[in-house]
Amino acid sequence: MSVAILRQGDVLVASVQSDLSDSQVLALRDELSDLVGRIRARGVVVDVTALDVIDSFAARSLRAIAVTARLRGAETVVVGIQPEVAIAMVQFDLNLDPLKTALDLDEALAILVDPRQGEEDGR
Amino acid sequence: MTDQTVRVADAPLRSPHADPSLLHELVDYLRQNRTGLREEWVRRITDAELLGVMTPEEIFSEVTAVYDNYVDTLETGSVETLQAYARDLSERIIPRGVETHEVLGIVLLLRDVLARSLFEKYQHDADLLNRILDAYEPAANRIAVTVGVSFVEERERVIREQQDAIRELSTPVLQVRPRLLILPIIGVLDSQRARQLTEQLLGAIQSHRAKLVVIDITGVASIDVEVANHLVQTVEAARLMGASAIITGLSSTIAQTLVDLGVDLSMLRTVGDLQGGLEEAERLLVEGAETGGLA
């Protein structure tokens, strides 16, 4: 498993260290969904700083992670999307709606502490 | 500059004292001794250490072309062909770093080489030599001026183009206060520049940890579907990185154009002018700080 999942208070931090295969993405989704219920997490942060590519499958899986986590009672924030990755995603018309994004872990934790912020974020 | 060119081109090449038959003799002589004179010229160019950036083969082929043009110009009295050739040559050698003094030096060297060979040939007849030189000198001087002016004009054209490019490319991303950037866009936005601008902005968001970006397009004269979509994409990409964008300075013309084009800008947060945009940005930052983080 190339994703370390850390626990910070009632927030889970999944730090993706290398490009993931499709099956690894699915494994991450299952594991996060399982952990959210087990530790009664309020938030999930997925750190994709190390990713050079986010393709349509990865984007869909991130959305799936967020929806699954929400059903289990936790908000999800994706952090660390690189500039080139952001440009590529926009050009290929991939979006992460309704996922929240943040610049780094600090931001993500601030959003999760005060969910109101996410609502006015970006629009 | 154009006026000068015309003047050079239109001026009579032959001096009033020159005898056409002498000029004809001169041209024949230069044609017959083409190989020797050309080699002598190359030797003197090499001795003077001019054109260091070119290989000997390149120098030799250019020299041959210039020599033939030179003789043709002496014969016909029209500098137009030579002028075109000089422009073309300049276009090729300027990017390689050939300097004005080298070009002028080379043309003057040819003048010296030819003059000296004339001295040698006619040294026993001072009167004939004088008349030959009367025919030769004005033409040679005018050729030197033509080549020099063509080179300088070409170089100025290159400089102007580069200045235009620089002016269009400069898009500073400025930090006004922590976590707040402004991006004033001035001039024409084409797709290449828009792409570069997006990259710069996203890089700056990352390095400054920006939370808000105010994109001011007061200086953009017109906007089309492509540019509008680029703006939307830039804002969307910034949002993926966790930063919000405010667009300011849409003129009424641009606003109407966008409505007419049917571009969907509901994604964008827009404010009338830069001042309003900054006030809005500050409000959002303060609000964010009060609620425990930054919005």
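Which residue is the bridge partner of A:Arg7 in strand 2 of chain A? In this predicted model, the partner of A:Arg7 in that strand is A:Leu12, and this pair offers a way into the sheet of chain A, from which the account can move on to the helices of chain B.

**Chain A and its sheet**

The secondary structure of chain A amounts to five helices and five strands, and, read from the N terminus, its elements follow the order β-β-α-β-α-β-α-β-α-α. Of the 123 residues in chain A, 41% count as buried, and among the contacts of this chain with a separation of 6 or more, 71% are made by residues 24 or more positions apart.

The five strands form an open sheet of chain A in the order 1-2-3-4-5, with mixed pairing. Strand 1 (3-8) and strand 5 (100-102) of chain A are the edge strands, each of which pairs on one side only. On average, and with direction ignored, neighbouring strands of this sheet are turned by 25 degrees against each other. In general, the strands of a sheet pair through backbone hydrogen bonds, in either a parallel or an antiparallel manner.

At one edge, strand 1 and strand 2 of chain A pair in the antiparallel sense over six bridges. The hairpin of these two strands of chain A has two residues between the strands, and there A:Gly9 takes a positive phi near 60 degrees. Strand 1 of chain A has six residues, of which the number buried is zero, so this strand lies largely in the open.

At the other edge, strand 4 (residues 75-79) of chain A runs parallel to strand 5 of chain A, and three bridges join the two. Here A:Val78 stands opposite A:Thr101, a residue of strand 5 of chain A.

Helices also pack against the strands of chain A. Helix 2 (residues 56-71) of chain A lies across strand 3 (43-47) and strand 4 of chain A, and runs at about 150 degrees to strand 4 of chain A. Helix 4 (residues 105-113) of chain A packs on the sheet as well, touching strand 2 (11-16), strand 3, strand 4 and strand 5 of chain A, while its direction makes about 160 degrees with that of strand 4 of chain A.

**Helix pairs in chain B**

Two helix pairs of chain B, both involving helix 4 (residues 56-76) of chain B, are set out below.

| Helix pair | Axes come within | Crossing angle |
|---|---|---|
| Helix 3 (residues 34-47) and helix 4 of chain B | 10 Å | roughly 125 degrees |
| Helix 4 and helix 5 (residues 80-93) of chain B | 9 Å | roughly 160 degrees |

The angle between helix 3 and helix 4 of chain B makes these two helices oblique to each other, and helix 3 of chain B passes helix 4 of chain B in a right-handed crossing. On the side of helix 3 of chain B the contact is made by B:Arg34, B:Arg38, B:Trp41, B:Val42 and B:Ile45, and on the side of helix 4 of chain B by B:Ile59, B:Phe60, B:Val63, B:Thr64 and B:Tyr67. The residues of this contact divide into seven nonpolar, one polar and two charged.

Helix 4 and helix 5 of chain B, by their angle, are therefore roughly antiparallel to each other, and their crossing is left-handed. Helix 4 of chain B contributes B:Glu62, B:Ala65, B:Asn69, B:Asp72 and B:Thr73 to the contact, and helix 5 of chain B contributes B:Thr81, B:Leu82, B:Tyr85 and B:Leu89. These residues divide into four nonpolar, three polar and two charged.

Definitions and conventions:
Residues numbered from 1 in each chain as written. Chains lettered and ligands numbered in written order. Predicted model: local features only at pLDDT ≥ 70, side-chain atom pairs only at ≥ 80, totals over all residues. Axes fitted to C-alpha atoms, helices over the stretch in contact; angles between N-to-C directions. Helix = DSSP H or I, 4+ residues; strand = E, 2+ residues; numbered from the N terminus. Parallel < 35°, antiparallel > 145°, perpendicular 65-115°, else oblique. Left-handed = near helix turned anticlockwise from the far one by under 90°. Contact = placed C-beta atoms within 7 Å. Nonpolar A, V, L, I, M, F, W, Y, C, P; charged D, E, K, R; others polar. Pairing = 2+ DSSP bridges. Buried ≥ 20, exposed ≤ 12 C-beta atoms within 10 Å, placed from the backbone.
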